[in-house]
Amino acid sequence: MSAATVLVLGLPGEPCVRSVLTALSALDLHIAHWNPRDLSNDIELVFEHGVVDGVAVVDGEVVELRSVSAVFDRLSDVEMTPEFRRLDPNGPLATNVTRAQSLVRSWCDIAPCRVVNRPSMNDNNSAKPFQAMLIRPFFDVPSSLSTNAMDDALAFVASHERVVYKSNSGERSIVTELDIHDLEAQAPALRRCPVLFQEYIEGTDVRVHVVGENVFATAVEANGMDYRYSGDAQWRGTEIPDDIALRCIELAAWLQLELSGIDLRLRPDGGVTCFEVNPCPAFEAYEAATGQPLAAAVADLLSS
Amino acid sequence: MILVVCEADDDDAIWVSTELSRRGQEVTTLLPEEFIVDASISVNVTTDTSNATLETRRGDVVRTESLVGVVNRMTGFPRDVSSRLDDKDLVYRAEEIRAVLVAWFAAAACPVLNPPFPYSAQGFEADDVRWRCLAHTVGLPPLPFASNRPLRPDHPSIRGLVVGDVFLHSSDETRAPRVIGAGLDLACSVASPLLELEFANTEDGLRFVRASTLPHLRRYGLAVIDSLLDCLDMA
């Protein structure tokens, strides 16, 4: 029987993968690292008598899947790696590499161990208005309109004092306050592509990372609408009331996320609005800014 | 109104649409492309409510509040390839449309058979091994899976169809209460009230193989229409 193994999937240069690998190395664990740039990684899966099993070759090492006790999954598409792009896309190696990637993703969804996070649980964040409907039982969500119809957009803008706009999907966009004149000028573009309009919510931005049942809150103060792109953003670790922390834990559990980054705004009226739940949070940046031991918490979760 | 969304060559969906109309139901049938080609689409979400509207190119207006049921048979999210956008903008636009469409169906308060998932227009999708794990979880004995063995079983296939809380049979083998109960649980567990289950008839008995959210409906006859109406609470 092999020793219990923690499997880490992802590019070694990806900051969160790097920090989790570093944190794991401080623990007495056997670590296997599936780097998508290593095209010799392979896996075969078996499901029989109710047991998921199989074997993987990871970084040249044979890993019995039944020995894997936890997985940290930040696997990016192997097709994007320079090593894969050099292959004949119709050749046997490329076929096997894509097959292995597909199988390892399948296994992450069914593996009988802790997986941070299972791939199929990451999808909700790619449809923000849909995710907002999932968030509603736990937090207020901003009044939102997703539309390509100018009349509907104008009516929405007229019914709210201030409005921001952003992407509906996981495509990166900068949250921007809407100027009504800009909207009218962009009528042809809006017709072609729906936009997510959202009421502006006053308050303090708080990013809450939920790691298992541990909560790490970071308050962010910035002048811009989107603190990610604001050069003057001030990040500091903060405490949030227990009831809000509990709701964050419950929301993450409802979405079956072992690790999440929940974007809240604490309103002056005492209420809390939730904008979205990120299933692949770039927690390393928050750790660097606040000193919160996020990678260590993830490593602890993987080792528990 | 019942909304049926299907591809132009989806004979099963067109048959459903026709039979529902024949029973006096108001049915609107749309192609997936009608959600995006010269259409106006809006989805409102607040803490308390959600609703959505669609005005198609030909002027049909569909409001989710007016729907009593949706039969979704999209095989993929529609993409408008006629636009003169560069590749990057096309990808962005396709992603935005996908996200809005998922929300559009989710905004409907009525039964949706089946609701699109964020990356699966037809509803819940899984590969064979995941389906078999899910089946095992609800008590359906699955056929063993091995990634290095052929996916197609060497046994005769038998199918059954879940429509809401009804299990329709294409043969007697699926009539065991244990199979029916577990089949209904499986459909419930993947939020897909319209689910066709495929079994292999082995020497050890019935073994679950896979399921589909795009079932062949006509093979179950008019019982499908009765069950759909039951599911939409319109019998």
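How many of the 235 residues of chain B count as buried, as a percentage? The figure is 55%, where buried means under 20% relative accessible area, exposed means over 50%, and partly exposed lies in between (1.4 Å probe, protein chains only).

**Before you start**

This is a predicted model, in which local features need pLDDT of at least 70 and side-chain atom pairs count only at pLDDT 80 or more, while totals for chains, interfaces and linings use all residues. Residues are numbered from 1 along each chain as its sequence is written, chains are lettered from A and ligands numbered from 1 in the order in which they are written, and side-chain values use heavy atoms, with hydrogens and water left out.

**Stop 1: select chain B**

Show chain B as a cartoon; its secondary structure comes to 5 helices and 12 strands. Helices (H or I, at least four residues) and strands (E, at least two) are DSSP runs, numbered from the N terminus. The radius of gyration of chain B is 19 Å, close to the 18 Å that the globule rule gives for 235 residues, so chain B is as compact as a globular protein of that length. That radius is taken over C-alpha atoms, and the rule is 2.2 Å times the number of residues to the power 0.38. Along the principal axes, the C-alpha atoms fill a box of roughly 55 × 45 × 40 Å.

Switch to a surface. Chain B has an accessible surface of about 10100 Å², and 48% of it belongs to carbon and sulfur atoms. Accessible areas come from the Shrake-Rupley method with a 1.4 Å probe; for residues, only the protein chains shown count as cover. Colouring by charge picks out 22 positive and 35 negative charges, whose mean positions are 4 Å apart. Lys and Arg count as positive and Asp and Glu as negative, with His and the chain ends not counted; each charge is placed at NZ of Lys, CZ of Arg, CG of Asp or CD of Glu.

**Stop 2: strand 4 of chain B and the loop after it**

Select Asn51(B), which is found in strand 4 of chain B. Leaving aside neighbours within four places in sequence, Asn51(B) is in contact (heavy atoms within 4.5 Å) with Ser42(B), Val43(B), Asn44(B), Thr64(B), Glu65(B) and Ala107(B). A distance check from Asn51(B) to Val68(B), C-alpha to C-alpha, gives 13 Å for residues 17 apart in sequence.

Move on to Thr56(B), in the loop between strand 4 (50-55) and strand 5 (61-63). Is Thr56(B) buried or exposed? Thr56(B) counts as buried, at 4% relative accessibility. Beyond four places in sequence, its contacts are Leu30(B), Glu34(B), Asp38(B) and Ala39(B).

**Stop 3: Pro111(B)**

Pro111(B) is in the loop between helix 2 (87-106) and strand 7 (112-113) of chain B. It is partly exposed, with a relative accessible area of 31%. Not counting residues up to four places away in sequence, Pro111(B) touches Val68(B), Gly69(B), Val70(B), Cys231(B) and Leu232(B). Ala176(B) is 65 residues away along the chain, and the C-alpha atoms of the pair are separated by 27 Å.

**Stop 4: where the chains meet**

Display both chains. The contact takes 42 residues from chain B and 43 residues from chain A. About 3500 Å² is buried between the two chains, with carbon and sulfur atoms giving 59%; buried area is the accessible area (1.4 Å probe) that two parts lose on being put together, summed over both. On the chain B side, select Val45(B), Thr47(B) and Glu96(B), which lose the most area to chain A, together 17% of what that side buries.

**Stop 5: select chain A**

Chain A has 10 helices and 16 strands. Its radius of gyration is 22 Å, close to the 19 Å that the globule rule gives for 304 residues, so chain A is as compact as a globular protein of that length. The C-alpha trace spans about 65 × 45 × 40 Å along its principal axes, and buried residues make up 53% of the chain.

Now select helix 1 (residues 15-25) of chain A. Which of its residues are buried? They are Cys16(A), Val17(A), Ser19(A), Val20(A), Leu21(A), Ala23(A) and Leu24(A). Their cover includes strand 1 (5-10), strand 2 (30-34), strand 6 (68-74), helix 9 (283-290) and helix 10 (294-303) of chain A.

**Stop 6: Ala282(A)**

Finish at Ala282(A), in the loop between strand 16 (272-278) and helix 9 of chain A. Ala282(A) is partly exposed, with a relative accessible area of 45%. Ser260(A) is 22 residues from Ala282(A) in sequence and 9.6 Å from it in space, C-alpha to C-alpha.
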